[in-house]
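This report describes the strand pairing, helix packing and chain interface of the structure shown below.

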Amino acid sequence: VTAALDDLTGALDELDAIFGYLEPLAAQFAAVAADPSLARRALHPLRPVIQDLLEQHRGWLAGAGVICAPGLLRDVRHWMDWWFTGPDGTPNPLRVNLDEQSVEFFDYTEADWYAVPMRTGRAFAAGPYVDYLCTNEYSLTLAVPVRAGDTLVGVAAADILVATVEGHVIAPLRAVSPQAVLCTPAGRVVASATPEHAPGERIDLATAAASSLPRTSPDATRWLLLR
Amino acid sequence: VTERASGSVGLTTASARAILGTLDGPGSRAEQIARRLGQAIRMGLIADGDRLPPEAELAAQAGVATVTLRDALAALRREGLVVTLRGRSGGTFVRAPDPSNAEHATARLRSFTTQALRELGDHRFAISGAAAALAARRAIPEEVASLARIVDRLAAAASPSECERLDAQLSVEIAAAAQSSRLTREQLLLRGELGDLVWLGVTPEMQAAAVDLRRAEVDAIGAHDDVRARSFAERYVQAGTRRLLALRLEIYDVDAAP
């Protein structure tokens, strides 16, 4: 069981490594954002960085990009530059309505992949959730806050399909225990070794004995294990 | 990404998927795309003045060759639903007939038989009921709070088109709170079929009654009461279907009048 637990935390370490993959993108975003009169066009040099990220970690990442803090740009109040890998394997730009006058306005400041890192100043793994604005897949978003000087200017983030995570964690999870379940701190099941639960279902943590997993990085998914 | 001063990008990724996602009707691919886009423009799902994505990108979103998409756009241009402007700030722009115009709405409703409306109602009944029940089992407090915010906005909405958009968003987010990408996709497709017909001619009293039902559904989701959540969702869909049937029958009367 100890070896199986090591395998499980090893698989989660691989997932957490994505926070590290985001660092070059975050650093470039921060460098660009130091300009006080920034326009959308100034974010264009980030696109090759985003596309490289998607290409290099093709097995893990479904999408990636940067999201601007409202008011960062001088030409629009809300903006994000986001790319996702299409069915043909090439990067596609995400189109969302960021015009706050429009009733179709997508207010990303309410999404926890934006709100939590901006509020806490720390990396955050959001989801699983149905990403109906982008890939329409069941996804996680790993997000890191981006600072230019003392100011939080937005987040850099990447999407991972829950299906991808399952491929990495299900074997060690089964080896830990046939009753083992991996869930978020909110009780949402990420992967389950037992047919009693399935990804996306909710477990009432008030009545379940869940324990945290040993994590080495401060930027890590804080998922719980039930067994 | 096409960049407009407002921050709007025209046809969004999600609406392109809903509008163009399932091409399975009669006619060539170009005819099907022209029909689906035309329908979306007439329903107001793509707003007047919106710039469509570049041809190559829209073709990729629809999963067809650029030349096929070009044929579809040419057909829409002939219908006067899009115009193409050359030059630096050029592109293909939507020229929508006013979707709140009663004549257009009547024409759209006339294209449904009462049997087709009942079928559509059955489909919504199945999807919305299941989504509400599963959301009640699975939603976490943050998701319930987000649903409640949409209900508040729906209560304050001032026009039928605003009501339609918020109501559709609520249905989509309840399916997302059910953690189901399939049910979410079904809700997006249903919206593409029905558009703002559900909210046609709704009075403030009817809006208040609809808001009450939807709020009760969200409250039941928050209370993890799947039976009640499903029941309120089903009642809401059935009330909407009855209203559409009543409107459709009135159109039969008008058409039969000498």
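Which residue of β10(A) is the bridge partner of A:Cys183? The partner is A:Leu224. The structure is a predicted model, in which local features need pLDDT of at least 70 and side-chain atom pairs count only at pLDDT 80 or more, while totals for chains, interfaces and linings use all residues. Residues are numbered from 1 along each chain as its sequence is written, chains are lettered from A and ligands numbered from 1 in the order in which they are written, and side-chain values use heavy atoms, with hydrogens and water left out.

**The sheet of 4 strands in chain A**

Helices (H or I, at least four residues) and strands (E, at least two) are DSSP runs numbered from the N terminus, and two strands pair if DSSP finds at least two bridges between them. An open, antiparallel sheet of 4 strands in chain A follows the order β8-β7-β10-β9. Its edges are β8 (189-192) and β9 (210-212) of chain A; each has a single partner strand, so one side of each lacks a neighbour in the sheet. On average, neighbouring strands of this sheet are turned by 25 degrees against each other, direction ignored; axes are lines fitted to C-alpha atoms, for helices over the stretch in contact, and angles run from 0 to 180 degrees between N-to-C directions.

Strand β7 (residues 181-183) of chain A is joined to strand β10 (residues 224-226) of chain A by 3 bridges, in antiparallel fashion. Helix α5 (residues 162-176) of chain A packs on this sheet and touches β7, β8 and β10 of chain A, contact meaning heavy atoms within 4.5 Å. The direction of α5(A) makes about 50 degrees with that of β8(A). Strands β7(A) and β8(A) also pair in the antiparallel sense, over 3 bridges, and here A:Cys183 stands opposite A:Val189. The hairpin of β7(A) and β8(A) has 5 residues between the strands, and A:Gly187 in this hairpin takes a positive phi near 90 degrees.

**The sheet of 6 strands in chain A**

A further open sheet in chain A, of 6 strands with antiparallel pairing, has the order β3-β2-β1-β6-β5-β4. Strands β3 and β4 (124-130) of chain A are at the edges with a single partner strand each, so one side of each is left without a neighbour in the sheet. Here, too, neighbouring strands are turned by 25 degrees against each other on average, direction ignored.

Within this sheet, strand β1 (residues 63-68) and strand β6 (residues 151-161) of chain A pair in the antiparallel sense over 6 bridges, with A:Ile67 opposite A:Val155. Helix α2 (residues 23-33) of chain A packs on the sheet, where its contacts are with β1, β5 (138-148) and β6 of chain A, and its direction makes about 45 degrees with that of β5(A). Helix α5(A) lies across β4, β5 and β6 of chain A and runs at about 65 degrees to β6(A). Strand β4 of chain A contains A:Pro128, and the peptide bond from A:Gly127 to A:Pro128 is cis, with omega near 5 degrees.

**Local features of chain B**

Strand β1 (residues 82-85) and strand β2 (residues 91-94) of chain B pair in the antiparallel sense over 4 bridges, and B:Val82 stands opposite B:Val94. These two strands form a hairpin with 5 residues between them, in whose turn B:Gly87 has a positive phi of about 100 degrees. In the loop between α8 and α9 of chain B, B:Gln179 has a phi near 65 degrees, a positive value in a residue other than glycine.

**The interface between the chains**

In the interface, 39 residues of chain B are in contact with 32 residues of chain A. The two chains bury about 3100 Å² between them, 48% of it on carbon and sulfur atoms; buried area is the accessible area (1.4 Å probe) that two parts lose on being put together, summed over both. There are 5 salt bridges between chain B and chain A, a salt bridge being a side-chain nitrogen of Lys or Arg within 4 Å of a carboxyl oxygen of Asp or Glu. Two entries involving A:Glu110 are tabulated.

| Residue in chain A | Residue in chain B | N to O distance |
|---|---|---|
| A:Glu110 | B:Arg153 | 3.1 Å |
| A:Glu110 | B:Arg149 | 3.6 Å |

The pair of A:Glu110 and B:Arg149 crosses from the loop between β3 (91-93) and α4 (112-120) of chain A to helix α7 of chain B.
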